[in-house]
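Me: I've got this chain open and would like to talk it through with you. Let's take it piece by piece.

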Amino acid sequence: MWQNTYALREERVVLRHHGHRLEGVLARPPAGEGPFGLVVFVHGDGRVDATHDTFYRPLWESFARAGYASLSFSKPGVAGSEGDWLEQSMDDRAGETLAAVAWARARPDIDGDRIGLWGASQAGWVLPKVAAKDRRVQFVIAVSPAVNWLRQGRYNLLAELRREGADQRRVEEAMRRRDTTLRLLRRGAAYEEYRAAVGDTGDITPGRWRFITKNHTADAVADLRAMRGTPVLLVLAGHDVNVDVAETEAVYREILPASTLSVEHYADATHSLVDHRTERSPLRLAATAVLAPRKLYTAGFLDRQARFLRRHGAGEGPGPKPSENCSPPTGPVVGCRHGDR
């Protein structure tokens with residue numbers, strides 16, 4: 001029980017956006033009236049509630065120790081929030097996040113000049129849009145973000161096939177199936193045509209197919225250029241089969257000024273920033289989640305993010321600041337199913 005108790009004051013909050021009610025949590029430091037800096041959470045793929053099944057709480061606690069509150073809303077159609085997250089484009093998700101930032105700025109216990117973003121995986125297409133549109137956003141923490149949806153889907157497919165030890169025949173089969181899927185996506189084919197063409201659709205439901213159709217052309221490059229000057233902490237994992245971390249790092253370094261970009265590598269972590277040995281053992285993973293949830297995340301991940309907040313949390317707003325590039329020796333956050341296989 002002690003391991004699952006956090007030094008936070010949690011408040012259930014509600015946001016109205018485009019006629020829909022979104023339910024969320026504002027987690028403030030355990031003492032003081034503020035105004036506090038704020039980290040607004042942007043989820044990755046899938047049905048994610050405001051706490052991400054409680055696994056955001058270690059992050060909220062580490063941010064609270066740095067003097068920051070955290071704000072997270074359940075996705076539309078999840079845990080009391082109205083709507084359907086599968087009907088959203090990345091622009092829709094960015095608009096929702098901008099509404100959350102505006103809502104927070106109206107609160108007396110939040111410092112509107114010290115609001116930043118935290119997001120993982122699919123949030124890589126949302127965070128730059130928000131920071132480009134709202135130049136008051138003070139910082140961005142991007143965890144395992146992707147850059148280009150289609151290239152990322154190909155990387156993910158091949159990485160999973162390698163991990164499963166697939167032979168050449170199976171790889172070629174998978175690539176032919178992917179090519180068929182891409183042709184259908186380019187001409188906006190209906191789900192029924194997709195199902196007829198590929199047969200077994202796996203976890204691609206009609207709703208999922210519509211979501212992929214809306215978002216398969218997503219690319220973060222233009223939005224990254226537009227948010228130049230915003231301090232960014234880029235967090236990358238050494239055992240990431242979902243995201244091509246080499247491409248992500250190369251693109252971020254090419255576009256963003258070195259004075260505002262900090263890059264951290266966690267060589268022994270997976271896409272979700274869990275130690276890969278823990279993630280490979282279902283028993284160890286379950287026991288850690290129940291008995292010591294803070295230890296789900298790879299060593300140093302929580303502390304280094306809090307350090308980044310302290311460094312950039314003086315309220316100066318966007319602009320060139322010292323960089324912190326480190327490659328340390330070595331919870332579940334967010335999966336990244338791009339669905340273009």
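Me: Which helix is the place of His276?
Reply: A word on ground rules: this is a predicted model, where local features need pLDDT of at least 70 and side-chain atom pairs count only at pLDDT 80 or more, while totals for chains, interfaces and linings use all residues. Residues are numbered from 1 along each chain as its sequence is written, and side-chain values use heavy atoms, with hydrogens and water left out. Helices (H or I, at least four residues) and strands (E, at least two) are DSSP runs numbered from the N terminus. On that footing, His276 sits in residues 276–280, helix H10.

Me: Is His276 buried or exposed?
Reply: Buried means under 20% relative accessible area, exposed over 50%, and partly exposed in between, using a 1.4 Å probe and protein chains only. His276 has a relative accessible area of 13%, so His276 is buried.

Me: And Asp275, in the loop between S8 and H10: which residues is Asp275 in contact with, leaving aside its neighbours within four places in sequence?
Reply: Contact means heavy atoms within 4.5 Å. Asp275 is buried too, at 12% relative accessible area, and His276 touches His239, Asp268, Ala269 and Thr270 once neighbours within four places in sequence are set aside. With that exclusion, the contacts of Asp275 are Asp268, Ala269, Leu296 and Thr298.

Me: On to the sheet: in what order do the 8 strands run?
Reply: Strands count as paired if DSSP finds at least two bridges between them. The sheet is open and the pairing is mixed, with the order S1-S2-S4-S3-S5-S6-S7-S8.

Me: Which strands stand at the edges?
Reply: An edge strand here has a single partner, so one side of it is left without a neighbour in the sheet. From one strand to the next, the twist averages 20°. The edges are held by S1 (9–17) and S8 (261–270).

Me: What is the bridge partner of Leu15 in S2?
Reply: S1 pairs with S2 (residues 20–28) in the antiparallel sense, over 9 bridges. The partner of Leu15 there is Leu22.

Me: What angle does H1 make with S4?
Reply: Axes are lines fitted to C-alpha atoms, for helices over the stretch in contact, and angles run from 0 to 180 degrees between N-to-C directions. H1 (residues 57–65) lies across several strands, including S3 (36–42) and S5 (110–120). H2 (residues 90–105) also packs on the sheet, its direction at about 120° to that of S1. For H1 against S4 (68–73), the angle is about 150°.

Me: How many residues has the largest nonpolar core?
Reply: A nonpolar core is a set of buried Ala, Val, Leu, Ile, Met, Phe, Trp, Tyr and Cys residues joined through side-chain atoms within 4.5 Å. Among those with the most contacts inside this one are Leu38, Val40, Leu224 and Tyr252, and H2 gives the most to it, with 6 residues. Apart from it lies another core of 34 residues, among them Val25 and Phe139. The largest one has 51.

Me: What relative accessibility does Leu224 have?
Reply: Leu224 lies in H8 (residues 221–226). Beyond neighbours within four places in sequence, Leu224 is in contact with Pro128, Val251, Tyr252, Ile255 and Leu256. Leu224 counts as buried because its relative accessibility is 0%.

Me: Within what arc do the buried residues of H6 fall?
Reply: The buried ones in H6 (residues 191–198) are Tyr191, Tyr194 and Val198. The arc is that of the directions from the helix axis to the C-beta atoms. These residues line one face of H6, and what covers them includes H5 (168–186) and H7 (206–215). Seen down the axis of H6, the arc is 60°.

Me: What phi does Ser144 have?
Reply: Most residues other than glycine have a negative phi, and most peptide bonds are trans. Ser144 lies in the loop between S6 and H4 (149–163) and is buried, with a relative accessible area of 1%. Ser144 is not a glycine, yet its phi is positive, at about 50°.

Me: And what is omega for the peptide bond from Gly34 to Pro35?
Reply: Pro35 belongs to the loop between S2 and S3. The bond from Gly34 to Pro35 is cis, with omega near 5°.
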